[in-house]
Amino acid sequence: MLTILLALTLPILEAQPITRQLSTRWHPTVAIETGLSNLAFVAICPTKSDSGGHFFAVDSSGSIAELAFENRQWRILGKSTVGERVVTGCAAAMREDEIWSLVIGTESGKVIEMRRGEMGWGRYEVTTAAAPLRAVRASEPGRPGPSQIFVIDAKGEITNWYVGASGRWNPKPLPVTEGGAMRVCFDYGSQGLRAITAGPKGIIYKFVQDTMGNWSGAAWDTMSSGCVDLAPSADPTMQDICIFYAGEDGHHETH
């Protein structure tokens, strides 16, 4: 009888989303004044100092504001510009010389790497994809290993760009999925680099990269209400992935 009861209840328990309250150490602070308007994205890049990193804000016009947390308040250190209108972006893995890096997707479809060195900003074009770009994601700042960028173009096709031994960006496309991809997240697992993608119909795909850099995979799960966002697991083995979707409970975690 107990075996039958467990067989009936375990699937129900496993299907329930995992929710936890924020630590009591979290508390609201004053608003951060960037001096910009119509923000496209914000990012944090680590530093060697005890400040915990520098905060970057990029607005849709292409303006960049760099801030640091000093004397218990945020201070604007300087401003720069991308030179084009911005639709998306994120912080990226630092290079060997440990400069800061932002990866920016522009309105025209260009993917630009902005590197912050001792002498100021350097601007390097990675590629130009079909506009408008749907998303740009990059490997976390400070993470060891080759830098990675995933670009979703206007058709929903994803290209993985990585830095090779030559220091140049190299492309590897992911398989095309039904309806195209809207979102992507990735991390390193025991099998190597893995990517999770979601399309407009709520179908979740899992892809694995082989030793030659090629990608393969298939449909993994389905979100009937549609996927809103993706995030890699906090588990370094990437045994799970968090998928936020437009459901009544707000999020879903699948394995």
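In this predicted model, Glu-113 is found in strand 7, which covers residues 110-117. Glu-113 counts as buried, because its relative accessibility is 1% and the limit for that class is under 20% relative accessible area. The side chain of this glutamate is not without a partner, since a polar contact of 3.2 Å joins it to the side chain of Arg-115. Arg-115 in turn lies over the face of Tyr-124, at 3.8 Å from the ring centre, and the arginine can therefore be followed from the contact with Glu-113 to the ring of Tyr-124 under the criterion for a charge over a ring.

From here the reader may turn to the aromatic side chains, among which a search of the whole structure finds five aromatic pairs. One of them is formed by Phe-150 and Trp-215, whose rings meet edge-to-face, with 5.7 Å from centre to centre and 70° between the planes. This pair links distant parts of the chain, for Phe-150 belongs to strand 10 (residues 148-152) and Trp-215 to strand 16 (residues 215-222), and the two are 65 residues apart. Both Phe-150 and Trp-215 are buried.

Another aromatic group can be traced to the surface. Phe-55, Phe-69 and Trp-74 form one aromatic cluster, and Phe-69 is found in strand 3 (residues 63-70). Phe-69 is classed as partly exposed because its relative accessible area is 39%, a value that lies between the cut-offs of 20% and 50%. Together with Ile-32 and Trp-74, Phe-69 makes a nonpolar surface patch of about 250 Å², so that Phe-69 and Trp-74 take part both in the cluster and in the patch, for which residues need over 30% relative accessible area.

How values were computed
Residues numbered from 1 in each chain as written. Predicted model: local features only at pLDDT ≥ 70, side-chain atom pairs only at ≥ 80, totals over all residues. Heavy atoms only, no water. Phe/Tyr/Trp six-rings, centres within 6.5 Å; stacked < 30°, edge-to-face > 60°. Helix = DSSP H or I, 4+ residues; strand = E, 2+ residues; numbered from the N terminus. Buried < 20%, exposed > 50% of the residue type's maximum accessible area, 1.4 Å probe, protein only. Lys NZ or Arg CZ within 6 Å of the ring centre and 35° of its normal. Patch = residues over 30% accessible without salt bridge, like charges linked within 9 Å, V, L, I, M, F, W, Y side chains within 5 Å. Areas by Shrake-Rupley, 256 points an atom, 1.4 Å probe, with all protein chains shown as cover. Salt bridge = Lys/Arg side-chain N within 4 Å of Asp/Glu carboxyl O. Polar contact = N/O pair within 3.5 Å; in protein donor to acceptor, adjacent residues only side chain to side chain.
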